[in-house]
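Notebook open, structure loaded. I'm jotting down what I look up as I go.

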Amino acid sequence: MWRFYDNQQKRICEVHDINVLNTKLLPENVTQLIKNATSKNQYSLDNVEANTVVRSANIPTPPTTLVENLQQAEEFAVANGYPVVLKLSSPGLLHKKHIGGVTLDIRNKEQLASAWETLRRKLEHLEPSVQDKVKIQIQKEVPSDVEVIVGIKHDPTFGPVLLFGAGGSLAELISDKNLHLLPIDKNDAKELVEKSKIYNLLKGNENEPPHALDKLYEVIVNLSQLVRSTNEISEIEINPVIVTLNDVWAIDTKIVLKSSKERPAGPKFKSATTLTIESLTDKIRLFEFEMDEPFEFTPGHYISVKVSNTRINCYSIAGQSAPNRFNLLVDSTPGGPGSKFFEALKPGDKITYLGPFGNFKLNLNDGAKKILFLATGTGVAPLRFMLDKALETNKEIYLYIGTNNFEEVFSQDYFEKLAKKYKNFKYQFAVRNPHEKWSGAVGFINDLVKKDHPDAKDCSAYLCGSPLMIEAATKVLLECNCPQERIYSEKY
């Protein structure tokens, strides 16, 4: 132990002599940033604050900022160029990917608007103590290449320990943890990288040149000097660091502070068991689940299901057959992680979820004499649940469902039974593309609404669909004199 201590002291002297970075001086704004956070007993810095800290140590980061609204995000994207990334950012939210708090590869204004709406809804998944501090961060997306992780954590025995290895998605596939006690210089960093598994991708071969290894070594050394320059940082991790042929970029930085008292509680997932699966079309299925812990929800609420380790998707509750059960209506046409998750689901399988969430609720006391429900595809899910409650009143109820193709029409028997049982209920499907087997309405549901309700001043309307559908339907309803305050909508 004495020899170990003596060797460490010699190493400290050697690295000091190299003088790669003044280890006792940080820019005043960074010192103040950390001081402000510790004085508030913050557990960690948010993403933008962490970026500011590592940039002060000459570690390159892509352009990034916090934005308060979609317009600011659009202005950033225009100024810095697409593609961009949107992230949830909060001092208490270190693992935002686990709740779907990151949207990558946003390439145009329409995708940006959709991603913004998705993240806005994710905010409701968080604990109130975290939710109040969450903001949305936009970042310029850099070209993808080799992803590595560089981090430092204080060990109670050995002091600060540096970790290097495969980062990003590769970190979950291979074990590549290479450790080095601080201090560290450029030669040590080179040796550390060369003994890693990821080095095989970094070093190049006879057909490809090596990646920007010298710049990577500088990032490792500069990060170590950053930690030694302040006593307030307990843990710092950059994952991923993207290494290209010419550059090195610190993409996502987490900084944990020593003065924090305790880690904020993350979102607590609930679980439910799959009871039945009914195929309504080739791609649309109605699932019934039994809750392990019953919860109360109202028509219009949605839950967020964990469909992979890094993604949660929102699904509106489509009905409730018992106090401890609920239904979800799922369209697997998109083919993404959510589609694959539900396609593989079998009776008896468990799902985990957060919720319920949402402000899209049935209001039977808004003065309307008629209720219009407008949906496209599985957007009918929350409306179907609302319909069950609305039919208990004496108001006139109209349901309009739009689909692209005849094959996507579903639950006609269900709605037909309701129409026979309740004389105050009428429904129509509108198929966009004509088909020889389809004898119903062809076109858009907005045309049906204009025809059936040219004067909708006594109506309330509930819309669920894509942003474009919501916009178009709202415009038609306003033209038909439906009061703005009685138009309720939910986007997906």
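I started with the contacts of Thr-253. Leaving aside neighbours within four places in sequence, I find Thr-253 in contact with Asn-47, Ala-50, Asn-51, Val-54, Ile-236, Glu-237 and Ile-238. This is a predicted model, so I'm reading computed geometry throughout. Thr-253 itself sits in strand 10, which covers residues 253–257. Buried or exposed? I looked up Thr-253 for that. Its relative accessibility comes out at 1%, so Thr-253 goes down as buried.

Next I followed the contacts to helix 3, residues 47–55. How many of its nine residues are buried? Seven are, so helix 3 is largely enclosed by the rest of the structure. I noted them down: Asn-47, Val-48, Ala-50, Asn-51, Thr-52, Val-53 and Val-54. I also checked how helix 3 starts: a side-chain oxygen of Asp-46 comes to within 3.1 Å of the backbone nitrogen of Val-48.

Then the strands. I picked strand 15, residues 325–331, where five of the seven residues are buried, so this strand too is largely enclosed by the rest of the structure. Which way does it run against strand 12 (residues 284–291), parallel or antiparallel? Antiparallel, with seven bridges joining strands 12 and 15. Strand 14 (residues 311–319) pairs with strand 15 as well, again antiparallel, over two bridges. The link from strand 14 to strand 15 is a hairpin through five residues. Asn-327 of strand 15 turned up twice in my notes: Glu-288 stands opposite Asn-327, and Gly-319 also stands opposite Asn-327. A reminder to myself for reading sheets: in a regular strand, side chains alternate between the two faces.

On to the cores. The largest nonpolar core holds 44 residues, and I wanted the ones touching the most other members: they are Phe-164, Leu-202 and Leu-216. Which element gives this core its largest share? Helix 9, residues 213–228, with nine residues. I pulled up Leu-216 to see its surroundings. Beyond the neighbours within four places in sequence, Leu-216 is in contact with Val-148, Phe-164, Val-193, Leu-202, Val-243 and Val-248. There is also a second, separate core of 30 residues, and Phe-360, Val-380, Leu-399 and Ile-401 are among its members. In soluble globular proteins, nonpolar side chains do tend to be buried together.

Cysteines next. How many disulfides does a search of the whole structure find? Zero. I checked Cys-459 in particular: it is in no disulfide, and the nearest cysteine sulfur, belonging to Cys-482, is 6.0 Å away. Cys-459 counts as buried, since its relative accessibility is 1%. I looked at Cys-464 too, and it is buried with a relative accessible area of 2%.

Last entry: Lys-450, which has its place in helix 13 (residues 445–452). At 39% relative accessibility I have to call Lys-450 partly exposed, because buried needs under 20% and exposed needs over 50%. What does Lys-450 contact, apart from neighbours within four places in sequence? Val-476 and Cys-480. I checked the Val-476 pair further: Lys-450 and Val-476 are 26 residues apart along the chain, and their C-alpha atoms are separated by 7.1 Å.

How values were computed:
Residues numbered from 1 in each chain as written. Predicted model: local features only at pLDDT ≥ 70, side-chain atom pairs only at ≥ 80, totals over all residues. Heavy atoms only, no water. Buried < 20%, exposed > 50% of the residue type's maximum accessible area, 1.4 Å probe, protein only. Helix = DSSP H or I, 4+ residues; strand = E, 2+ residues; numbered from the N terminus. Polar contact = N/O pair within 3.5 Å; in protein donor to acceptor, adjacent residues only side chain to side chain. Pairing = 2+ DSSP bridges. Contact = heavy atoms within 4.5 Å. Core = buried A, V, L, I, M, F, W, Y, C linked by side-chain atoms within 4.5 Å. Disulfide = S-S within 2.5 Å.
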